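Reader: I'd like a close look at one part of this model, the metal site, and then a quick tour of what surrounds it in the rest of the chain. Could you walk me through it?

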Amino acid sequence: MKMGTALIYDEEMTKYKLLWVDPVCKIEVPERLIVSYEALVKSGLADRCVSIPVREATDAEILLAHSEEYLEAVKKTPFMHLEELMTFTQKYGDVYFHPNIYHCAKLAVGATLQLVDNVMTGKVRNGMALVRPPGHHSQSSAANGFCVFNNVAIAAQYAKKHHKAKRVLIVDWDVHHGQGVQYCFEDDPSVLYFSWHRYEHQSFWPNLKESDFDSVGSGKGAGFNVNVPWNKVGMGNSDYLAVFFHVLLPVAYEFSPDLVFICAGFDSAIGDPEGHMSATPDIFAHLTHLLMNLADGKVCAVLEGGYNLTSLAQSVCQTVQTLLGDPAPRPAQLGGASAPFPEEPSSKNRRPAQQGGSQGPEGDAGGDAQREEEKVEEKEEEEIVWPEPLRRVAPSLRSALLLPDAVECPDGCARFTCVRACSPLNATVLLRSPSPPQGCGDTAGVMQAVLGLLLPLGYQYEPGLVLLARLPGYQVEGGLWQQLTCLLQGLALGHTLVLLQVIGITASCLLGNAALSLGPLVAPGPEDVGSFERLRLRLQTDWPLLQTTGTFRD
Ligand SMILES: CC(O)(O)NCCCCNCCCN
Ligand SMILES: [Zn+2]
């Protein structure tokens with residue numbers, strides 16, 4: 001099984017910055033990359049990664065998602081003096097240019113393509129590209145939202161073209177809607193784009209109607225675009241997990257991608273001046289972990305936003321440490337999902353125009369009113385503090401087995417006589433039992449129960465130990481068993497005790513390898529759906545993380 005996590009970073013991408021006064025763009029600073037990389041070095045995580053050099057993207061690669069005229073225009077910026085750069089910048093929204101930004105934008109794309117090459121050819125299992133300028137807002141012929149070239153959109157097209165990827169999943173956990181990615185794959189069923197984002201009934205930037213949840217893609221791409229707009233700030237860890245369990249993961253498992261990109265923006269973390277959310281940095285360990293059993297573990301995380309240098313650095317470390325396979329930390333502050341899912345398309349109940357301040361036309365919240373509000377928000381900023389994520393110590397021995405003498409020990413595992421002796425991360429007790437009768441609930445039905453019931457319950461319950469028993473009478477087929485064994489290691493700091501009669505495929509998971517992909521899933525049977533829904537409705541009062549919508553009725 002492939003191991004190894006790539007880290008792709010080059011300090012050249014810190015060598016551009018805002019050269020004039022612009023309150024909107026001043027948060028996008030070189031220090032974002034510096035503090036992230038330094039935190040990875042200081043924590044020892046950088047040394048555990050495979051360091052891959054960046055390269056410049058070629059014109060042909062950039063043209064996978066951009067027009068020739070746009071590329072030709074950007075090519076002129078290195079030779080512009082200040083006034084020309086400012087005039088050129090005025091053509092676009094919420095972005096700035098610099099004589100060196102074209103060079104850095106080519107490196108950001110090139111870094112992402114290097115990551116794709118190494119993951120798709122199996123040199124590493126997964127990885128992270130620490131890049132700037134970010135990419136997910138840039139469009140075919142436009143820079144936007146601090147983005148010049150759309151790193152992830154180009155990389156998805158590249159993976160399809162050069163690595164024969166059939167289905168690519170893009171998970172955008174940045175707090176802004178990556179409209180550039182949505183536009184690029186609007187009618188493309190081979191790329192599934194998922195994004196949550198601060199929306200506040202279209203009053204938050206980029207103020208687009210098409211960022212609402214009723215934009216689902218068009219033509220053959222209908223159903224392959226999933227928007228989850230946050231209509232208020234302060235969303236927390238439970239909200240993020242609930243959306244993963246009840247929206248993203250069922251869709252992702254049904255889609256069964258052969259490559260996963262994360263538009264890893266960390267402005268969705270607590271303390272960020274843009275996001276104003278409450279989720280703590282450790283949540284990104286769980287979000288990453290929950291994606292790592294898709295696509296046989298082929299996950300490419302690419303930095304997008306993140307403007308609070310403290311929470312950014314912590315969130316980057318949480319993400320990389322999980323890509324490395326370390327057990328996820330105990331999930332913090334899990335109440336219930338604080339907001340029922342979006343009620344109606346926001347055009348029906350858009351927030352009334354700002355009270356006081358300039359009464360810009362309804363919905364145009366980019367006016368002074370918003371700047372007024374931002375000043376208030378910034379003032380609050382300093383007061384937000386949160387606990388530093390706990391150190392996540394990976395025990396030297398990951399997996400130990402208690403086996404009958406006659407059974408050989410799979411390589412990579414240690415045979416032990418008593419768990420206490422070596423306190424491994426997880427332990428397996430081999431049961432001798434007749435092989436159980438065949439037949440089991442269909443894969444989709446079991447996965448739905450795992451994602452929609454077992455995992456939310458498990459995260460809420462916060463067990464100290466996970467006991468996995470593969471006992472006679474219910475034969476779970478191999479791929480499903482592996483998914484279960486891998487996914488449940490996100491709980492109890494990874495302490496998993498497995499009682500089973502089949503060792504090989506389980507040992508592979510307990511050693512930290514990704515579960516085999518299940519392949520595209522069909523819809524779960526109606527009887528499974530019915531019994532699952534009745535069980536969930538009954539349990540959700542005691543287990544808030546099971547809540548999906550308040551008054552959902554089929
Ligand atoms: C990569 C990214 O998604 O983080 N770019 C964010 C761009 C924000 C533009 N300004 C918003 C002004 C309203 N607060
Ligand atoms: Zn963002």
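Author: Here is the metal site, followed by the whole protein and two single residues.

Keep in mind that this is a predicted model. The metal is a zinc ion (ligand 2), and its protein donors come from Asp174, His176 and Asp267. Asp174 appears twice in the list, each time through an OD atom, while His176 uses ND1 and Asp267 uses OD. Those donor atoms lie 2.0 to 2.6 Å from the zinc ion.

What about the geometry at the zinc ion (ligand 2), with its six donor atoms? The site is irregular, with angles of 54 to 156° among those six atoms. For reference, ideal angles for six octahedral donors are 90 or 180 degrees. Six donors count as octahedral only if opposite donors are over 155 degrees apart and all others fall between 65 and 115. An angle of 54° is part of the range here, so the octahedral label doesn't apply, because it needs those other angles to be between 65 and 115.

Along the sequence, the donor residues follow the spacing D-x1-H-x90-D. That brings together distant parts of the chain: Asp174 sits in the loop between strand E4 (168-172) and helix H8 (179-184), and Asp267 in the loop between strand E7 (259-264) and helix H10 (283-291), 93 residues apart. Both of these aspartates, Asp174 and Asp267, are buried.

Now zoom out. The protein has 17 helices and 13 strands, and buried residues make up 58% of its 554 residues. Of the contacts with a separation of 6 or more, 80% are between residues 24 or more positions apart. The accessible surface comes to about 21,700 Å², with 58% of it belonging to carbon and sulfur atoms.

Helix H10 also holds Thr288. Is Thr288 buried or exposed? Its relative accessible area is 0%, so Thr288 counts as buried. A polar atom of its side chain lies 2.6 Å from the backbone oxygen of Phe284. Setting aside neighbours within four places in sequence, Thr288 is in contact with Trp173, Thr319, Thr322 and Leu323.

Pro524 lies in the loop between helix H16 (504-510) and helix H17 (526-539). Pro524 counts as partly exposed because its relative accessibility is 21%, and buried means under 20%. Beyond neighbours within four places in sequence, Pro524 is in contact with Asp442, Ala444, Gly445, Gln448 and Val529. The C-alpha atoms of Pro524 and Ala449 are separated by 9.9 Å, though these residues are 75 apart along the chain.

Terms used:
Residues numbered from 1 in each chain as written. Chains lettered and ligands numbered in written order. Predicted model: local features only at pLDDT ≥ 70, side-chain atom pairs only at ≥ 80, totals over all residues. Heavy atoms only, no water. Donors = N, O, S within 2.8 Å, 3.2 Å for Na, K, Ca; no water. Tetrahedral: all angles 85-135°; square planar, octahedral: opposite > 155°, others 65-115°. Helix = DSSP H or I, 4+ residues; strand = E, 2+ residues; numbered from the N terminus. Buried < 20%, exposed > 50% of the residue type's maximum accessible area, 1.4 Å probe, protein only. Contact = heavy atoms within 4.5 Å. Areas by Shrake-Rupley, 256 points an atom, 1.4 Å probe, with all protein chains shown as cover. Polar contact = N/O pair within 3.5 Å; in protein donor to acceptor, adjacent residues only side chain to side chain.
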